[in-house]
Structure formats: structure tokens, C-alpha cells
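Colleague: I'd like a close look at one part of this model, the place where the two chains meet. Start from any odd backbone spots, then work inwards, and tell me how far to trust what you show.

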Amino acid sequence: MEFSLMFSEQFAGLALAEQQKQILATNHAAYGDYGVRLSPEDAEMIAQTGQKAVSAAGMVAVGGSIVPRLIRWFLPSGYLTGQNYALNVAELTEAFYRLRSELQDAGGHDPALTLSDNALLNYMFNFYTSPTCSGDAAEMTAQAENILLPVMRRLAAGRETERKQQTKRLSDQPENALLFADLIEQERAESSFEEEADEESYDYEYRSAMGKDCFGGSDPAYQEPEAYGTRDTYEDRLRRILNRNPAMLFPSRETEAEWADRAEHWEDEDAAAAKKEGAK
Amino acid sequence: MSTIIPVKPAGEQIPARDYTAELLRRAAAEETIPAARLETVRLVLFQKAAEYAAAYTQNRCSTVTKEQAESFFRSVFFQLDAALLPLHSDSAALAALRDADISVLLETGQRNIMTAYEEAKAAFRRAYSLTKPFATTFFRELLLSFEKFCTGYDARFQADAVTLNDFYPLLCRQSIPVGGVLGAHFYYTALLHEGELLAAFPRQEVSAVLRIYAKRYLTAPDMIADNLAELVLLQWSGAALCGGTALTLQLPENAADILNSRYQYSRPETVCADLRNAVSQSPLADHSGIYGYIYPLLDKLAGELHRYFSSGKAAVILPAPAGLP
């Protein structure tokens with residue numbers, strides 16, 4: 001027996017059959033609420049598309065398949081209907097992995113600049129349902145690439161500049177600061193705990209203010225220069241927000257937690273439906 | 001300071017770099033570990049790597065890049081390396097892989113990595129303070145590299161990824177036999193012993209040797225790109241082979257002639273035997289750290305000395321052939 005060190009087949013997440021089962025488990029919600037359903041052949045085609053897309057993007061799946069969550073996320077869009085349902089899901093799956101890969105490349109594979117699956121799905125959904133795209137996956141991908149990638153590159157460039165400045169600062173450091181850098185860092189981390197908490201709360205307030213500013217808050221002072229803000233397209237508004245503050249690309253912790261809860265709820269529902277189906 | 005010694009004893013077949021992977025590959029080929037056990041080992045390792053991947057993305061992302069996945073996988077293998085290498089025997093390591101609980105081995109590896117990391121940091125700090133009086137400009141780069149090591153090392157996700165600025169060569173141009181933090185431990189511990197060697201000689205004599213050496217090669221003492229301990233050891237070897245055993249770098253005036261005539265027609269083994277004899281009888285033998293470090297390298301050093309002695313060029317290899325002022 002050859003002890004293969006190839007990890008990709010092991011890391012490829014769930015097996016195709018398992019993915020298929022998970023995809024089919026979304027049928028109860030899709031059919032019950034929207035009157036559409038996938039056949040086992042559709043599910044197989046979508047799962048295969050997902051695997052190919054992951055592989056083409058030079059990535060490895062570490063968790064379950066994104067497809068069930070993507071279906072549940074996009075069902076309310078109103079564009080996943082009729083005969084093209086399976087095809088649309090496959091296109092969206094492909095677009096998801098393509099955008100995921102491009103965003104990771106643009107972010108320099110920095111873990112701090114990784115957009116969560118939920119955040120990416122949310123952006124995709126907003127683009128997809130905007131009048132500009134109107135359910136066109138290719139247009140959605142183009143819009144997302146036009147708007148999100150430059151922002152991610154800007155954030156990555158900012159971090160790179162910070163790193164360079166840090167290196168420059170480092171080369172001017174006295175030798176003891178270099179020799180005991182880890183201890184100094186530990187000490188600073190402990191002493192700045194309170195300040196960090198303050199900073200987080202400031203961030204939250206800043207985010208709220210920006211949100212009000214860009215999406216039309218109750219304060220007329222905020223609305224004055226942006227009187228036509230609410231009449232813009234989603235793309236225009238997003239571009240403007242991100243131009244002002246690229247860090248707004250990442251949703252707040254509260255939003256992430258809300259999305260995570262929703263995804264978990266869907267998974268539970270799908271699992272229960274699959275169990276029920278299996279019992280039959 | 002030597003709990004983890006990643007140097008393989010003589011006679012061992014498998015190189016220390018990528019030790020576990022190679023061990024498993026051979027075990028699979030030679031069927032020294034049953035196929036079912038290999039499969040279990042593989043599954044545990046993949047499971048662990050998958051856990052790291054999930055932790056890396058904080059469960060927010062269902063994909064990682066291939067490079068990241070490989071890095072998690074290498075981290076897991078490196079933990080096993082860190083558990084198996086201190087056993088100092090391929091057969092013992094193989095037995096551990098066959099019989100021991102892999103999770104326990106991984107935990108041992110994690111502990112060893114952290115021990116090696118802490119020891120490596122302590123070693124470099126001590127090495128730096130010992131070498132500081134003679135430090136060349138290259139030590140500034142070593143210091144910057146060390147800062148990165150002690151603040152940026154990621155034992156979980158990139159356990160094997162340590163970039164050492166090894167442009168400052170070790171004594172006898174030793175290569176680092178193992179990667180990751182174990183390699184850093186090896187390098188920094190070697191620097192420590194070299195620092196101890198430099199500190200064992202009178203400081204003024206060491207400075208004088210470096211000054212003379214730099215002058216001969218038209219450079220400044222702080223721009224010497226060679227290993228400082230090697231220069232000092234070569235100078236001391238010259239003195240020792242001329243009959244001195246004290247810890248002084250002062251050579252007899254006609255040292256080069258003595259060495260040329262004594263060893264011109266001899267074999268390298270003779271120089272090595274004489275050098276080993278001199279080291280064993282010198283006060284260096286009382287410093288267990290220095291002695292343990294330089295003794296295995298004397299063979300190489302003697303070979304280098306013999307190369308010059310046999311062609312009548314002892315004056316070239318001795319850093320300060322005319323003695324110290």
C-alpha cells in the first residue's frame with residue numbers, strides 16, 4: 001500500500017453523494033414556499049459544478065457544501081423559478097467560488113481580510129436582486145468584481161503599508177526592543193485591553209453612523225448632502241460607502257452572528273426534512 | 001538547553017527533514033506497519049488538519065486555498081516530527097507510529113515545539129549577549145530575524161514555517177538538518193555555543209584576531225562575513241597544533257613554518273587526531289557545551305587545515321599568522 005500524502009481528496013469535504021443528499025434536502029423549503037424543486041440529477045449536476053469550481057479556483061473545501069445555504073439564501077430573490085432553477089443554482093455556485101477565490105487573492109490571503117461565506121452570499125444576493133442585474137448571475141459577478149475587489153485590494157494595500165512601516169520602525173528599534181519583542185508585545189496586549197474595548201465600541205458607533213449616513217438615517221443633518229441617496233442603485237450606494245470607508249466591506253459582529261444563526265436554523269430544518277424523507 | 005536535539009545520530013537512515021512523512025512512506029513500502037494502521041494514522045492526521053482549517057477561518061468560511069490546506073497539513077506532520085525526532089532512533093519512531101496513540105503523539109509534539117521555541121529564544125538572547133562585543137553588522141539582521149521569530153511564529157497553523165536569515169553561517173558551514181522551530185532551535189543553540197567559545201578566550205585577543213583578519217582582507221572588522229567562532233577556532237588550532245593548550249590565540253612567530261613542515265606530508269587523519277588530542281587536553285574540554293558542540297566538527301576543521309598545510313599555505317588559513325601585537 002502506498003501511503004499517499006495527497007490531501008485534496010480527503011480535504012474535498014463531503015462526498016458527492018452526501019452533498020447531493022444535502023442539496024435535495026432543500027426541496028421541502030423550495031417547494032413548500034416557492035413551488036420549485038430539484039431532481040436527483042439536478043442535485044448531482046450542481047454538486048459536480050461546485051466541486052469543479054472549487055478545484056478550478058485552486059481551493060479546498062473544508063466544511064460542508066455551500067450549495068444548500070446558497071439555495072436558501074437566494075430562494076426569496078424571486079429569480080430562482082421554473083425550468084432554469086437548477087441551472088441558476090449551478091451558475092450561482094460557480095460564481096460564489098469564483099468570487100471567493102478572487103477576493104482571497106485580492107486580500108493577499110490574509111486571514112484578517114477573509115470575507116465570511118455569509119457576507120459574500122449577502123453581497124451576491126443584493127447584487128443579484130438589484131435592478132442592474134435582475135437575476136443575471138454573470139452581471140452579478142461582474143458587478144461584484146467591479147466593486148468588491150478594488151476595495152479588498154485597497155484594504156490589502158493598507159495592511160501591506162502598515163507592515164512596511166512596522167518593518168521600518170523595527171529596523172530603527174534599539175536592540176533590546178528586538179531581543180525581547182515577544183515579552184514587550186505580551187505586556188502591551190495586557191495593558192491595552194481596556195483601550196481595545198473602547199475602540200470596539202467606537203467602531204460600532206462609527207458603523208452605525210456610517211450606516212445611517214449612507215442608507216438614510218433619521219438625522220436630517222446626515223441626509224442633507226445625500227438627499228438623493230435612497231434613490232440610487234444598490235451598486236452606487238455600496239460603492240459610495242466603501243469609498244468612504246473600505247473597512248465597511250466587512251459586516252459587524254452582530255450581523256455575522258445573526259446570519260450564522262439563520263444558517264444554522266436552515267441546516268437544522270434541512271436535516272429534519274432529510275430525516276423525514278429517509279423515514280418514508 | 002538541549003531537551004530537543006534534532007540532530008540524527010550516525011547510522012540512522014532517514015533524514016530529519018520531513019521525518020514522519022518519510023517514515024510512513026517507507027513503512028508503507030516495506031509493510032512494516034499494517035495497512036489498516038496506516039489508514040488510521042492518515043485519518044487522524046487529516047482530521048487534525050481539517051480542525052486547523054476550521055479554526056483558521058473561525059468557522060466562517062467553507063474553503064481555504066490549497067496552499068493554506070497544505071500548510072495545516074504540514075503543521076500536523078511537523079508536530080509528529082517534533083514528537084518522534086527526540087526518540088533518536090528510526091526504529092523507536094516506527095514503533096511509536098505503529099503502537100502509540102497518534103493523538104498523544106501529536107500532543108507530545110505540540111509540547112516539544114513549545115519547549116523548543118522557548119529554548120531557542122533563550123539561546124539566542126544569551127548568544128547575542130555573548131557575541132555582542134565582536135558582533136558584525138550581520139548580527140543586526142540576525143536580530144531583526146529573531147524579532148520576527150519571537151513575535152510572528154505560528155505554532156498551530158504554520159508550525160514548520162520559520163524563515164531563518166541564515167546568511168550568518170554556522171561553524172564549519174553546518175547546514176540546518178531540520179526545518180521549522182526545531183531548525184531554529186538548532187541554529188540558535190549553535191550560535192549560543194559559538195558565543196560561549198568566543199567568550200572562553202580573552203576578549204582583547206579575539207578582537208585583535210578579527211582586526212588583523214579584516215585588515216588582511218581589506219575590510220572592517222564589523223564587515224567580516226565569515227563565522228567568527230571559526231576564525232577564532234582556526235587561530236587557536238594553529239596555536240594548539242604548535243604545542244600550546246592554553247586558551248590563548250597568541251601564535252609563535254614562526255607558527256606557519258612549523259605547521260607547514262609538520263603536516264605537509266601527513267594525512268588529514270593525523271591533523272584531526274592531533275587536534276582532537278589538543279582539544280581534549282585544553283580547558284575547552286571543561287566547558288561541556290562548547291566541547292560537545294565543536295568535537296564532532298573537528299574532523300571537518302582538520303580537513304580544511306590539512307588542505308592548506310599540505311600545500312605549504314598555513315599562513316593563508318590562520319587568521320593572524322604572524323601572531324598578535
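Modeller: B:Glu31 sits in the loop between H1 and helix H2 (35-56) of chain B. This is a predicted model, so every value here is computed. B:Glu31 is not a glycine, yet its phi is positive, at about 55 degrees. Is B:Glu31 buried or exposed? B:Glu31 is exposed, because just 10 other C-beta atoms lie within 10 Å, and the cut-off for exposed is 12 or fewer.

B:Asp18 is the companion case. Its phi is also positive, about 55 degrees, and B:Asp18 is not a glycine either. B:Asp18 belongs to the segment before helix H1 (19-30) of chain B. B:Asp18 counts as partly exposed, because it has 18 C-beta neighbours inside 10 Å, and a buried residue needs 20 or more.

Now the chain that carries these two spots. Chain B has 14 helices and one strand. Its C-alpha atoms fill a box of roughly 70 × 40 × 30 Å along the principal axes. Of its 325 residues, 44% count as buried. Take the contacts in chain B with a separation of 6 or more: 71% of them are between residues 24 or more positions apart.

Chain A has 14 helices and one strand. Buried residues make up 30% of its 280 residues. For contacts in chain A between residues at least 6 apart, 72% join residues at least 24 apart in sequence.

Next, the part you asked about. The contact between the chains takes 31 residues from chain A and 31 residues from chain B. On the chain A side, the elements giving two or more residues are helix H1 (8-11), strand S1 (59-61), helix H6 (85-106), helix H8 (137-171), helix H9 (175-179) and helix H10 (181-191). By class, that side of chain A has 16 nonpolar, nine polar and six charged residues.

The strands also meet across the chains. S1(A) pairs with strand S1 (residues 63-65) of chain B in the antiparallel sense, over three bridges. In that pairing, A:Ala61 stands opposite B:Thr63 in S1(B).

H8 of chain A deserves a longer look. A:Ala137 is placed in this helix. A:Ala137 is buried, because 23 C-beta neighbours lie inside 10 Å. Beyond its neighbours within four places in sequence, A:Ala137 is in contact with A:Asn88, A:Glu91, A:Leu92 and A:Ala95. A:Met124 is 13 residues away along the chain from A:Ala137, and their C-alpha atoms are 8.9 Å apart.

A:Met124 leads to the core. The largest nonpolar core has 160 residues. Those with the most contacts inside it are A:Met124, B:Val209 and B:Val232. B:Val209 touches B:Val232 itself. Its other contacts beyond four places in sequence are B:Leu231, B:Gln235, B:Leu249, B:Pro319, B:Ala320 and B:Leu324. As background, nonpolar side chains in soluble globular proteins tend to be buried together.

H8 of chain A has a second role in the layout. Chain A is divided into domain 1 (8-154 + 254-279) and domain 2 (173-249). Their contact takes eleven residues from domain 1 of chain A and eight residues from domain 2 of chain A. H7 and H8 of chain A each supply at least two residues to the domain 1 side. H8(A) gives the most to that side, with six residues. By class, the domain 1 side has six nonpolar, four polar and one charged residues.

Last, how far to trust it. Chain A averages a pLDDT of 81, and 78% of its residues score at least 70. Among its elements, helix H7 (residues 117-129) of chain A has the highest mean pLDDT, 95. Helix H12 (residues 220-223) of chain A has the lowest, 46.

Two stretches of chain A call for caution. Over residues 1-5 of chain A, pLDDT stays under 50, and the model has nine contacts beyond four places in sequence for them. Over residues 217-229 of chain A, pLDDT again stays under 50, and the model again has nine such contacts.

Key. Residues numbered from 1 in each chain as written. Chains lettered and ligands numbered in written order. Predicted model: local features only at pLDDT ≥ 70, side-chain atom pairs only at ≥ 80, totals over all residues. pLDDT = per-residue confidence, 0-100. Helix = DSSP H or I, 4+ residues; strand = E, 2+ residues; numbered from the N terminus. Contact = placed C-beta atoms within 7 Å. Core = buried A, V, L, I, M, F, W, Y, C linked by C-beta atoms within 7 Å. Nonpolar A, V, L, I, M, F, W, Y, C, P; charged D, E, K, R; others polar. Pairing = 2+ DSSP bridges. Domains from an automatic or database assignment.
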